[in-house]
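User: I would like a close look at one helix in this chain and at the way it sits among its neighbours. Please answer in one connected account, and then set that helix beside other parts of the chain.

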Amino acid sequence: MKNNIYICTTQYHLFNIVNIIHGFYQEDRNYLIVLDCIPTLVNRIYEQAIKADLFEKVIIVEVGQIKGNFKSYLSSIRRILFPKNIKMILENPDRVFISGTEIYSRIIAFNFLKNPNTKLFYYEDGMESYDTLLNRQVTNRSNRILKMRFGYYLIERCVAIYVYKPEYVSGNKYEIPVKKIPTIAVGGSWAIELKKIFGRASEIFPREKIIYFDAWFNSDKARNENRKIVSSIISIFGEKLIVKPHPSNLKEWSKIKNVKVFESVTTFETLCLTENINDKTLISMFSTACILPKMIFNEEPRIILTYRLYKKYCNEWKKFDTLFENVKNDYADKQKFIILNDARELDNIKLSGKYVKNN
């Protein structure tokens, strides 16, 4: 029996960890570290982890909120230079599992990896795990700083990465083995167990056929551009549409009349566990939520992505093309996966039949 440590900061992290343990490591001793990077989620994640009844011990480690400002950056640097400030729960584990997408779990991993026998694994954290984690992110600024402190890139110790769709991973420079997290059968016994852990009986899936996943922008110019695109989407679909707001935009959406808003503390993947959503339409700029049904459940709702309509597409967001084309090519009916290329294509969207030609 081996000792495994998992580090998480979000409910989606814990959801994936639970599925990995269920699929591969039920016979081991499993320990969970919950980082308080998102203070509003910490207690909820802790309670869900306890309810899962898969961990020998669950602890909350205080690392501080990552805000993206200078003070937060200095805090990260301090913890890189003085990693003992982050308390550990187990010496010399056999395996350590991290998402690899936030700084503090990487710092903790380096400290566990002082033991040469400890093996490091990455696990899925949405689009980054398929597009940048094993490619562009390998030598980004934070990883270069970590190399200066610890003497090597973390990925050099990575044994494998667990994701739902290995075939979607692109740019695997270090040829890291990619392992598949088992697909979950909607409404199956395991799905029902997961719903008990992560769901709330009072929350149900929206009845509306069309769900728009809102995005958040930190500049007025970007917000204005987004409003124009979203206004067009609302005018096309009208009452058949419900909006899932970004948490930072809740107040803004509450002021808009004649738009239904879906406020939920239950994550989208949890809501999908017992609902067949093949007849739904999911619209977003490039939200991971839109592709989760295909990745996790092999469900195929109609998808409409708008990220190519934004000015950032050519310089920053073109990198998403490979991932989304991979998902589209995996659809049995490829016409259900729509990537809009031009604002004029919004006028061509129909609620039935053949939809939009994709180039």
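The account below takes up one helix, H6, before turning to other helices, a strand and some loop residues.

Analyst: The model is a predicted one, and every value that follows is computed from its atoms. As a setting for the helix, the protein chain comes to 13 helices and 13 strands, and 55% of its 359 residues are buried. Among contacts in the protein chain with a separation of 6 or more, 69% join residues 24 or more positions apart.

Helix H6 runs over residues 141–150. Which of its residues are buried? They are Ser142, Asn143, Leu146 and Phe150. These four cover an arc of only 95 degrees around the axis, and therefore they lie on the same side of H6. On the other side of H6, Arg141 and Met148 are exposed, so that over 50% of the relative accessible area is left open at each of these two residues. Just after the helix comes Gly151, whose phi is positive, at about 95 degrees.

The packing partner to consider for H6 is helix H4, which spans residues 103–112. The axes of H4 and H6 are 11 Å apart and make an angle of about 25 degrees. Because angles under 35 degrees count as roughly parallel, H4 and H6 are therefore described as roughly parallel to each other. Their crossing is right-handed. In the contact itself, H4 contributes Ile103, Arg106, Ile107, Phe110 and Asn111, while H6 contributes Ser142, Asn143, Leu146 and Phe150. By class, the residues of this contact comprise five that are nonpolar, three that are polar and one that is charged. Read beside the list of buried residues, this shows that Ser142, Asn143, Leu146 and Phe150 are buried in H6 and also meet residues of H4.

A second helix pair can be set beside this one. Helix H1 (residues 11–24) packs with helix H7 (residues 189–198) at an angle of about 140 degrees, and their axes are 12 Å apart. The crossing of H1 with H7 is right-handed. On the side of H1 the contact is made by Gln11, Leu14, Phe15, Val18, Asn19 and His22, and on the side of H7 by Trp190, Leu194 and Phe198. The residues of this contact divide into six nonpolar and three polar, with no charged residue.

The burial pattern of H6 may also be read next to that of helix H13, which covers residues 321–330. In H13 the buried residues are Asp321, Leu323, Phe324, Val327 and Lys328. They cover an arc of only 165 degrees around the axis, and so they fall on the same side of H13. Several elements take part in covering the buried residues of H13, including helix H5 (127–131), helix H11 (288–297) and helix H12 (313–317), together with strand S12 (302–305) and strand S13 (337–339). In the loop between H12 and H13 lies Lys318, which is partly exposed, with a relative accessible area of 48%. Lys318 and Tyr307 are 11 residues apart in sequence, and their C-alpha atoms are 8.8 Å apart in space.

For a buried position in a strand, one can turn to Ile211, which is placed in strand S8 (residues 210–213). Its relative accessible area is 1%, and Ile211 is therefore counted as buried. Along the chain Ile211 and Ile242 are 31 residues apart, yet their C-alpha atoms are separated by 5.1 Å. Leaving aside residues up to four places away in sequence, Ile211 touches Phe205, Pro206, Leu241, Ile242, Lys244, Phe268, Thr281, Leu282 and Ile283.

The positive phi of Gly151 just after H6 invites a look at residues other than glycine that take a positive phi. Asp53 is one of these, with a phi of about 55 degrees, and its place is in the loop between helix H2 (42–52) and strand S3 (57–61). With a relative accessibility of 66%, Asp53 counts as exposed. Glu175 likewise has a positive phi, near 55 degrees, although Glu175 is not a glycine. This residue is found in the loop between strand S6 (158–163) and strand S7 (178–180), where Glu175 is exposed, with a relative accessible area of 67%.

Conventions: Residues are numbered from 1 along each chain as its sequence is written. This is a predicted model: local features need pLDDT of at least 70, side-chain atom pairs count only at pLDDT 80 or more; totals for chains, interfaces and linings use all residues. Side-chain values use heavy atoms; hydrogens and water are left out. Axes are lines fitted to C-alpha atoms, for helices over the stretch in contact, and angles run from 0 to 180 degrees between N-to-C directions. Helices (H or I, at least four residues) and strands (E, at least two) are DSSP runs, numbered from the N terminus. Angles under 35 degrees count as roughly parallel, over 145 as roughly antiparallel, 65 to 115 as roughly perpendicular and the rest as oblique. A crossing is left-handed if the near helix is turned anticlockwise from the far one by less than a right angle, and right-handed if clockwise. Contact means heavy atoms within 4.5 Å. Ala, Val, Leu, Ile, Met, Phe, Trp, Tyr, Cys and Pro count as nonpolar, Asp, Glu, Lys and Arg as charged, and the others, Gly among them, as polar. Buried means under 20% relative accessible area, exposed over 50%, partly exposed in between (1.4 Å probe, protein chains only). The arc is that of the directions from the helix axis to the C-beta atoms.
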